[in-house]
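Biologist: Please take a close look at one part of this model for me: the aromatic side chains. Start with the rings themselves, then work outwards to whatever surrounds them.

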Amino acid sequence: MIYIENDEISISYNYMTHSKIIEDFDEYTDYHSESEFSYIWQFKFISNKLHFIRLAIAG
């Protein structure tokens with residue numbers, strides 16, 4: 001996803017998957033076997049130039 005607000009731009013990538021062993025479980029199971037992470041690249045326009053601010057990672 002790309003978010004644009006005023007002079008700031010964020011580009012995010014989110015990923016979530018689970019182990020094949022829980023494919024037959026319903027959505028209310030308490031068993032957790034997931035892989036999830038998120039990357040967010042943050043940019044800002046300063047003096048009419050786009051500057052890279054940071055890469056935020058969670059997961």
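Modeller: Sure. Bear in mind that this is a predicted model; it holds five aromatic pairs. One of them is F43 with F52: the ring centres are 5.6 Å apart and the planes meet at 65 degrees, so this pair is edge-to-face. The cut-offs behind that label are ring centres within 6.5 Å for a pair and planes over 60 degrees apart for edge-to-face. Then there's the cluster, a single group made up of Y13, Y15, F37, Y39 and W41.

To place those rings, you need the fold. The protein chain has four strands and zero helices, so to speak a plain β-β-β-β when you read along the sequence. Strand 1 covers 2-5, strand 2 runs over 8-18, strand 3 takes in residues 34-46, and strand 4 spans 49-58. Y15, one of the cluster residues, sits in strand 2.

Now to the surface. Y13, Y15 and Y39 turn up again in a nonpolar patch, joined there by F52, L55 and I57, and together they make about 580 Å². Two elements give two or more residues to that patch, namely strand 2 and strand 4. Strand 4 is the top contributor, with three residues. So which class do the patch members Y15 and F52 fall into, buried, partly exposed or exposed? Y15 has a relative accessibility of 34%, which makes it partly exposed. F52 is partly exposed too, at 48%. Both values fit the patch rule, because a residue has to have over 30% relative accessible area to be included. F52 therefore has two roles in this picture: an edge-to-face partner for F43 and a member of the nonpolar patch.

For the chain as a whole, the accessible surface comes to about 5,300 Å², and carbon and sulfur atoms account for 52% of that. Of the 59 residues, 8% count as buried. S10 is buried, with a relative accessible area of 19%, and the limit for that class is under 20%. S10 belongs to strand 2, like Y15. Setting aside residues up to four places away in sequence, S10 touches M1, I2 and Y3, and also I40, W41 and Q42. W41 brings us back to the rings, as a member of the aromatic cluster.

Strand 2 also has a charged link. The side chains of E8 and K44 meet in a salt bridge, 4.0 Å from N to O. E8 is in strand 2 and K44 in strand 3, so the bridge ties together parts that lie 36 residues apart in sequence. By the rule used here, the count of salt bridges comes to one. Neither end of the bridge is buried: K44 is partly exposed at 28%, and E8 is partly exposed at 42%.

How about the far end of strand 4? A58 is placed in that strand and is partly exposed, with a relative accessible area of 44%. Outside its neighbours within four places in sequence, A58 makes contact with F37 and S38, and F37 is another member of the aromatic cluster. A58 and E36 are 8.5 Å apart, C-alpha to C-alpha, although 22 residues separate them in sequence. On the chain-wide scale, among contacts with a separation of 6 or more, 32% come from residues 24 or more positions apart.

Last, a look at the loops. Most residues other than glycine have a negative phi. Where do we find a positive one in a residue other than glycine? N6 has a phi near 55 degrees, and N6 is in the loop between strand 1 and strand 2. S47 also has a phi near 55 degrees, this time in the loop between strand 3 and strand 4. Both are out on the surface side of the scale: N6 counts as exposed at 73%, and S47 is exposed at 68%.

To pull the rings back together: Y13, Y15 and Y39 are in the aromatic cluster and in the nonpolar patch, W41 of the cluster is touched by S10, and F37 of the cluster is in contact with A58.

Technical notes. Residues numbered from 1 in each chain as written. Predicted model: local features only at pLDDT ≥ 70, side-chain atom pairs only at ≥ 80, totals over all residues. Heavy atoms only, no water. Patch = residues over 30% accessible without salt bridge, like charges linked within 9 Å, V, L, I, M, F, W, Y side chains within 5 Å. Areas by Shrake-Rupley, 256 points an atom, 1.4 Å probe, with all protein chains shown as cover. Buried < 20%, exposed > 50% of the residue type's maximum accessible area, 1.4 Å probe, protein only. Contact = heavy atoms within 4.5 Å. Phe/Tyr/Trp six-rings, centres within 6.5 Å; stacked < 30°, edge-to-face > 60°.
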